[in-house]
Every structure is written in C-alpha cells, then in structure tokens.
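This report introduces a structure to a reader who has not met it before. The sequence and the model are shown first, and the description follows.

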Amino acid sequence: MTSGIGPVEAGEDTYLRSVTAGAGPRDRAARTRARRHRTARAAGAALLLLGASGSLYADRAREPAEAPPPYPSQVVTLRYLDAAPGPGGSRGGGFSFAVRLSVRSGPPVTVTRIAQPSAGLSLSSSPAPPFPTKAHSDSKIIVTLRVTECDKAPRNLGFPFLDVTLRNTRAIQTHSFILGPRYARRLSQALQVACSNDSR
C-alpha cells in the first residue's frame, strides 16, 4: 500500500469556474433586470422634466397682458384759477378766466373740445382745441364766455360746469368739470353786468 500527499484532484462532475469566464444565467438575468430598472428610472425622470417644462411654459403663457392705460377722465383734473384778461375784457358781455388742466399719469391727453351747456352763452379758449398735455404736466387755458342771449343765460349758478372732451390712447370721453363756488360767483357777477348793460 502506498501512501503520500499529492495534489487534490477534482471529483467527478466538478469543475473550476474561470474568473474571466462569462456569467451564468442567473447573473445575466439580474443584470438585465437592473438595466431595465435604470431605463425605467431614466424614462420617468425625463417625463417629469418634460411635464415641469410644459407647466412652466403654460404658466408663462397665462401671464396677464400689460394693463391698458387709464381712461383720460381718471387722470385729468381741471381747476379754476381766477379771472383773466381776455380778448375785449368784459366789454360786450365777455368774461375771461383761467383754468389749469393737469394730467397725473398715463399717456398724453388731448383736449378736443371745451363747451358749456347754456344756450345763452358762447365759449372760446386759448389755446383752442385740440391741444395735448403730457403726463405729470399742466396746461393753462384762458376761457372766454360771451352772453349771446340774456333771456337764455343761466340764472341758477350753484354748480356751473364746463364739458371737456378728452382723448388718449385708451378712449375719448366727455367729462363735466364743476369749477367751484369762486367760479360761480365770478360768472354770476359777469352775467349781471352784461345783461344789465344789455337792458339799457
């Protein structure tokens, strides 16, 4: 009987797997599943990014348009200043006075017409319409009223007003400006003088 120590031989139906040999079926299946998971995650991330971009674009498309300019009557004031020398002064039934038209904001406002409601009076102004006034600025206007018919001249002057037609890029509006008690007193005095002279 011989005895000794020698190299261990592989048993029947056994083999050594080389480190560099290809993976077995289970490893390939695991890698395939991992690859599919990575692809699914990447596709999901792309869809999320696409959805976020679409939402941002939709929000931008829904942004409100630039606000339109204000209506001219909302930004214009007309204030009585005082009696003023006008063409012919108070002779012939004329009464001249100064007003200040101010534009607070927005685009320029053009005065296209100045009128008064009484059939017994005529009106002229300097400057004559149309004339523009820019935002944050004033226009001084000399208005002259003449008595044409004393019978039709106003008697109740509690709230005399001027009708001024205004135009800007938004609209054309006619607005009635009440000029206050000082204007009412001066106009009443001028009418009394004009019509008392006329009756002589």
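Is A171 buried or exposed? In this predicted model, A171 has a relative accessibility of 15% and therefore counts as buried, because the limit for that class is under 20%.

**Two buried positions**

A171 sits in the loop that runs between β7 (161-167) and β8 (172-178). Leaving aside residues up to four places away in sequence, A171 is in contact with Y71, P72 and L166. A further relation can be given for the backbone: 62 residues along the chain separate A171 from V109, and their C-alpha atoms are 9.9 Å apart.

V147 offers a second example of a buried residue, with a relative accessibility of 17%. Whereas A171 belongs to a loop, V147 is placed in strand β6. From V147 to S118 the distance is 9.8 Å, C-alpha to C-alpha, and the two residues are 29 residues apart in sequence.

**Salt bridges**

How many salt bridges does the structure hold? There are three. The table lists each pair with its N to O distance.

| Acidic residue | Basic residue | Distance (N to O) |
|---|---|---|
| D82 | R186 | 3.3 Å |
| D138 | R100 | 3.8 Å |
| E149 | K152 | 3.8 Å |

In the salt bridge between R186 and D82, the side chains meet at 3.3 Å, N to O. R186 is part of helix α3 (residues 181-199) and D82 is part of strand β1 (residues 76-83), so this pair ties together parts that lie 104 residues apart in sequence. R186 is partly exposed, at 32% relative accessibility, and D82 is likewise partly exposed, with a relative accessible area of 35%.

The salt bridge between D138 and R100 has an N to O distance of 3.8 Å. Here D138 comes from strand β6 (residues 137-147) and R100 from strand β2 (residues 94-103), so the pair ties together parts that are 38 residues apart in sequence. For D138 the relative accessible area is 46%, which is partly exposed; R100, at 28% relative accessibility, is partly exposed as well.

The remaining pair consists of E149 and K152, whose side chains meet at 3.8 Å, N to O. E149 counts as partly exposed at 38% relative accessibility, and K152 is also partly exposed, its relative accessible area being 46%.

**The cavity**

Rolling a probe the size of a water molecule over the atoms reveals where empty space remains. In this model, one cavity reaches 30 Å³ or more. The volume of the largest cavity is about 40 Å³.

Which residues line the largest cavity? The lining is made up of L78, V99, L101, V111, I114, I141, V143, L162 and V164. By class, the lining comprises nine nonpolar residues, no polar ones and no charged ones.

Several strands contribute to this lining: β2, β3 (109-115), β6 and β7 each provide at least two of its residues. Strand β6 has already appeared in this account, since V147 is placed there and D138, a partner in one of the salt bridges, lies there too. Strand β2, another contributor to the lining, holds R100, the partner of D138. Strand β7, also among the contributors, is one of the two strands that flank the loop holding A171.

Methods
Residues numbered from 1 in each chain as written. Predicted model: local features only at pLDDT ≥ 70, side-chain atom pairs only at ≥ 80, totals over all residues. Heavy atoms only, no water. Salt bridge = Lys/Arg side-chain N within 4 Å of Asp/Glu carboxyl O. Helix = DSSP H or I, 4+ residues; strand = E, 2+ residues; numbered from the N terminus. Buried < 20%, exposed > 50% of the residue type's maximum accessible area, 1.4 Å probe, protein only. Contact = heavy atoms within 4.5 Å. 1 Å grid on protein atoms, 1.4 Å probe; cavity = no way out; pocket = protein on both sides within 12 Å on 5 of 7 lines; lining within 4 Å. Points joined across faces, edges and corners; volume = space filled by probe spheres on them. Nonpolar A, V, L, I, M, F, W, Y, C, P; charged D, E, K, R; others polar.
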